[in-house]
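Got the viewer open? Let's take a short walk through this one, a stop at a time.

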Amino acid sequence: MKLKFALCLLLLSGGPVFAQATDTPLLIGGCQGCHGASGQGGHGIPSIKANHSRDEFIALMRAFSANERPATVMGRISRGYTPEQIALLAAHYARPQ
Amino acid sequence: MTLSRRVFLSAAALPAGLAAPNLARAQAGAGRVVIIGGGFGGASAARFARDNFPALNITLIERSRSFTTCPYGNLVLAGRRDINFITFGYEKLAARGVRVVHQSVVAVDAAAKQVRLADGAQVPYDRLIMSPGIDLRWGSIEGYDEAASERMPHGWVPSLQPISLLRRQLEAMPDGGRFVMVIPDNPFRCPPGPYERISMVADYLKRAKPRSKLIALDAKNGFSKQPLFQDAWAELYPGIIEWRGASNDGRVTRVNGAAMEVETEFGEKLKGDVVNVIPPQMAAKIARDAGLANQSGWCPIKPATLESAQVEGIHVLGDATIAAPMPKSGYVASSHAKHAVACIAASLAGRAPPSATFFNTCYSHVGADYGISIVGVFRPGPNGFAEVEGSGGISPRNAALTAERRKEHRQLEALYADGWYDSITDEMFG
């Protein structure tokens, strides 16, 4: 019955993020390479797992892409994502709301 | 499984924009996926499929029982890492439910959708992923064959020759000796690799044999992260490294293993106490035999799905592919792998492929606590692949940073390189 429940949630959830659920595991591949499978970080690489609210996550990525926040690689990486992709990443990594 | 069927039918009745991938993948996406090659592409594909698409039956065929990475091989060469640190087994992938078969593939029958193994077994598939890696083009530099590579190691394909052979020769080299490197034209595996190797050999020479020299003879005039490498060489290893490009007679056309001598296009002969020849390359034999490669020796692929442009039903990943401007790097192979698996799962479930975004972050160690990087984000473009405009690029050059920030930046990137290595190898083999 778990599946049925999930299906109800899906129907109620309004769509966009779910519609692209296959995209999220692909998109986070760009993060996992350094930040680890669950975003836990290591070797000085910061954890990105549940460290921010969605809004904070999005603001952080915007600051990186505008070179408003010092970074080694994140400025160069963040400019490769669309705003929709950043929103999916935020939904994945942000603290549960 | 009547419940499953009912749920699937309900899901199928959803409006198109509300497709239910999590459900669909559990119900309708079943299929046999066979992966040939257990390197960065193949191992990542197996793990990603297991984690995200439980309905897929995954078989990974890899002839070796262990995998030694190319990344960090140059640190083993410099004595900064042990070979065991960069060598991994397939046990954990097997424990995660991947059927791991340690056999050589002798033939791929795309029409019958099956793969024949050296022991005669036939492995049927619904979709095939090939991440075969590269072969060296023996003889493309006159005199450079497998026998010569024992005297003049390539250290470029760990399954053919462990980096420890070159390491032993470097250790045996006298102080005041000469290390000669021969570097190929594009395209080749790991574009910044030869230059990280120059850096790591120089790092070792500076510490252990400070009167020695390194001469790099390059068949091209420019290379990956060139300004960063050259800034660092001047800063860290003054007087040790001489790099010669093609227009400065850097192209080596002939080698003599017995004499430990290389000869350039215009006839200059140079002897080395250690000679490291990185020869021209091509897609591995199994890919060429399967009809995946074109006359270039590399495999053309469809950018949206990474399917072979020449043989239906086969997805090709990693170094063997024609995927410029994406480099032939481990991270790109891993990025290819995830996309190919998602495309296969979608196709088996009757859905359109997901949109493609590919990533590359590639660090090079240039010295102790001195790292540099190149980053790229790529999508399918009008002709093949294209880097996302405004993104990517290399670390800032020395002149663009204050002295304090420069030191911090290089230190952080060396540290982050270690983090990258841990993360990506854990993803494959952890």
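**Stop one: a phenylalanine and its helix**

Select B:Phe48, which sits in helix α3 of chain B. Keep in mind as you look around that this is a predicted model. B:Phe48 is buried, with a relative accessible area of 6%, where anything under 20% counts as buried.

Now show whatever touches this side chain and its backbone. Setting aside neighbours within four places in sequence, B:Phe48 is in contact with A:Pro25 and A:Leu26 from chain A, plus B:Phe53, B:Lys338 and B:Val341 from chain B. For a longer view, add B:Gly297: B:Phe48 is 249 residues away from it in sequence and 28 Å away in space, C-alpha to C-alpha.

Next, widen the selection to residues 40–52 of chain B, the whole of α3. At 1.5 Å a residue, its 13 residues should span 18 Å, and the end C-alpha atoms are indeed 18 Å apart, so the two agree. How many of the residues of α3(B) are buried? The count is 12 of the 13, so the helix is largely enclosed by the rest of the structure. Among them are B:Phe40, B:Arg47, B:Arg50 and B:Asn52.

**Stop two: a pair of helices**

Move along chain B and select α8 (residues 193–208) together with α9 (residues 226–236). Their axes come within 11 Å and cross at roughly 5 degrees, which makes α8(B) roughly parallel to α9(B).

To see where they meet, show B:Tyr195, B:Glu196, B:Ile198, B:Ser199 and B:Lys206 on α8(B), then B:Phe229, B:Trp233 and B:Leu236 on α9(B). Colour the residues of this contact by type and you'll get five nonpolar, one polar and two charged.

Technical notes:
Residues numbered from 1 in each chain as written. Chains lettered and ligands numbered in written order. Predicted model: local features only at pLDDT ≥ 70, side-chain atom pairs only at ≥ 80, totals over all residues. Heavy atoms only, no water. Helix = DSSP H or I, 4+ residues; strand = E, 2+ residues; numbered from the N terminus. Expected span 1.5 Å × (residues − 1). Buried < 20%, exposed > 50% of the residue type's maximum accessible area, 1.4 Å probe, protein only. Contact = heavy atoms within 4.5 Å. Axes fitted to C-alpha atoms, helices over the stretch in contact; angles between N-to-C directions. Parallel < 35°, antiparallel > 145°, perpendicular 65-115°, else oblique. Nonpolar A, V, L, I, M, F, W, Y, C, P; charged D, E, K, R; others polar.
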